[in-house]
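Me: I'd like to learn how to read enclosed spaces and sheets in a model. Could we take them in turn?

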Amino acid sequence: MEDTVTAAIRRYEQRRNCRFRFDALLSDMDGVLYDSMKYHAAAWAATMQGEGIECTSDEFYMHEGRTGKATINIYYRRDKGRDANDEETARIYAEKARRFVAFGKADPMPGAQKLMLHIKEAGVKTVLVTGSGQRSLLDKIEADYPGIFTPETMVTAFDVKKGKPDAEPYLMGLKKGGVASNNAAVLENAPLGVEAGVAAGIFTIAVNTGPLPDAALVEAGADLVFPDMASLYRQIDKIITYNR
Ligand code: MG
């Protein structure tokens, strides 16, 4: 019988009517490369509560991947019946960023460095695709993931207009990686990020590193869901060697 990974790739090939080969990995950052989502969620909740808006930190895992502006507008529309203006958006995002930085250094996600190094050494290109505009994390990438990502192979909040769940960031990632959608895989932890990868027509792998149920990632369209990086690492050679 076919293993789960091979079966998932075959289903992807049938759905897209294409031949898959893993030439590039398009990886999300928060919740994938860094164990940083707990800080983002807490910073968002405290900032919104400071605006008099009722919310809990767990809700922000469902918004993960959106641009700051889009996230702020969801709460403004719900609470005030309108979008935030530019001044409000800038002030609130700055406050959220200040609170995030105050938590200190986020640790690399356990197992992520080993996984990225293995993928790179197998000759697969690595591209970063994040909705984050958090300089503190972007600057850390080279220190924690040396030689894996370069500024030319990064898509950040500064590059995109729409952000996840729109396909735009991952379409831009394909362009930066110089590959077609059937020659790449997306690595994500968030439902909206999975939606973006699937909308871009890419084989999408989810690693569930947060508090949401696996079903949230499956419903978003993930081709595979793993509980952690170590579990993905144990299966990654099946993806690397497929059609090679
Ligand atoms: Mg993420």
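Me: Which residues lie nearest the centre of the largest cavity?

Reply: Happy to help! This is a predicted model, where local features need pLDDT of at least 70, side-chain atom pairs count only at pLDDT 80 or more, and totals for chains, interfaces and linings use all residues. Residues are numbered from 1 along each chain as its sequence is written, and side-chain values use heavy atoms, leaving out hydrogens and water. In general, rolling a probe the size of a water molecule over the atoms shows where empty space is left. A cavity is a set of points, on a 1 Å grid over the protein atoms alone, where a 1.4 Å probe fits but cannot get out; lining residues have an atom within 4 Å of a point. Here, 21 residues line the largest cavity, and Asp30, Trp44, Glu64, Gly65 and Arg66 lie nearest its centre. Helix α2 gives the largest share of that lining, 3 residues (helices are DSSP runs of H or I, at least four residues; strands are E, at least two).

Me: Which residues line the second largest cavity?

Reply: Its lining includes Tyr61, Glu64, Asn189 and Leu217.

Me: And how are the strands of the sheet ordered?

Reply: Strands of a sheet pair through backbone hydrogen bonds, either parallel or antiparallel. This open sheet of 6 strands runs β3-β2-β1-β4-β5-β6, with parallel pairing (two strands pair if DSSP finds at least two bridges between them). β3 (154-155) and β6 (224-226) are at the edges with a single partner strand each, so one side of each has no neighbour in the sheet. Strand β5 (residues 203-207) is joined to β6 by 3 bridges, and Ala206 has Val225 as its bridge partner in β6.

How values were computed. On a 1 Å grid over the protein atoms alone, a cavity is a set of points where a 1.4 Å probe fits but cannot get out, and a pocket is an open set with protein on both sides within 12 Å along at least five of seven lines; lining residues have an atom within 4 Å of a point.
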